[in-house]
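User: Could you walk me through the charged pairs in this model?

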Amino acid sequence: MAWTKYQLFLAGLMLTTGSLNTLSAKWADMFSAEGCYDDPEHAFTHPFVQAVGMFLGEFSCLAVFYILLCTDRRRPEPRMNPGQDFHPMLFFAPAMCDMTATSIMYVALNMTSASSFQMLRGAVIIFTGLLSVTFLGRRLHKSQWLGILTTIMGLIIVGLADFFRKNKDDTHKLSDVITGDLLIIMAQIIVSVQMVLEEKFVYKHDVHPLKAVGTEGFFGFVVLSLLLIPMYFIHVGNFSDNPRHVLEDVLDAFCQIGHEPLILLALLGNTVSIAFFNFAGISVTKEISATTRMVLDSLRTLVIWVVSLALGWEQFHGLQVVGFLVLLVGTALYNGLHRPLLARIPCCAHLVATEEEEEGGDSPGERERLLGDGRVQTPDES
């Protein structure tokens, strides 16, 4: 069945905004500008300020939700399911996981390349799979275990590519790159905890995905904005690259933005793109399928990599190609994307049927929420 123009638009929107989200964050990291303290130009290394901007983008999904709801209610026959009422504090624990993981990843993005950043985020399926077995009582199929093992191999290959590759401008030391890669993988453990918490406590309440994202964005935006105050006074030595060597210097960030307005453009790109990415991702799941969403998310990694190469932000390394392909296979196996292909092969069709029978009572919605790497783990919508 051919896609409609609207479906093509949604797929293109998700791929474009998802890629822009990482690329704009990396673009901001590459600027240098004067700060507030008569210091010479220095790099814009303000990961927590960037994280606040991203949560502002997620928070804006609440506005999108209510706009869509009001528009739908004006129709003669409303079709949108707003979901049931819920206590907002249900989202506090997942939002704190999101806030912690996002902040760690933005710190890591200062240390490594945009393509490696995106590829290593694929580690989330390893920890999500293990935690879902431990805390949700899920049973992973052989293909999912194989997907996890394949993903581990892909992560090792991408890590080796970073180890052997030198950046064109030598902006990243080898120690920084390794630290950044490890931080990204560590952040995926926290993201996996977030997904399991959402699965266990949140989505049984039939919350609309846009409302869920917006509520988590609200908590992340408020809490992290308040934390910027003590961060301004916490000295961390050489761990921080800002002139005062504090955990985060928001005043220096604003001064650098004033001296280099393009930084603001990059930050706005990050904020706006995450809002549209969440909306497009939810819409792709609803209008096409969750499988399509996973494929588009994998293509997003490829787009980020190609653009980074084209802009000269990093150099081509053949080992990274191998790592990307292995990660792609691992993600496909874990998410069951191999099934349609095997089902067409007569000698393998029974294997697919057996695996589907073993799934038992798990509904597609239950599985989708613990699959993939998207910001939103989407529940079933009417």
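User: Is R244 buried, partly exposed or exposed?

Analyst: Happy to help! Buried means under 20% relative accessible area and exposed over 50%, with partly exposed in between (1.4 Å probe, protein chains only). The relative accessibility of R244 is 22%, so R244 counts as partly exposed.

User: Which side chain does R244 meet in a salt bridge?

Analyst: A salt bridge here is a side-chain nitrogen of Lys or Arg within 4 Å of a carboxyl oxygen of Asp or Glu. The partner of R244 lies 3.6 Å away, N to O. With a relative accessible area of 0%, that partner is buried; it is D249.

User: How much can I trust the model, and what is the mean pLDDT of the chain?

Analyst: This is a predicted model, where local features need pLDDT of at least 70 and side-chain atom pairs count only at pLDDT 80 or more, while totals for chains, interfaces and linings use all residues. Residues are numbered from 1 along each chain as its sequence is written, and side-chain values use heavy atoms, leaving out hydrogens and water. pLDDT is the predictor's confidence in each residue, from 0 to 100. In this chain 85% of residues reach 70 or more, and the mean pLDDT is 83.

User: Which residue forms a salt bridge with E199?

Analyst: E199 sits in helix α7 (residues 174-202; helices are DSSP runs of H or I, at least four residues, numbered from the N terminus). E199 is buried at 10% relative accessible area, and its partner is buried too, at 16%. The closest N and O atoms are 2.8 Å apart, and the partner is R138.

Methods
Helices (H or I, at least four residues) and strands (E, at least two) are DSSP runs, numbered from the N terminus.
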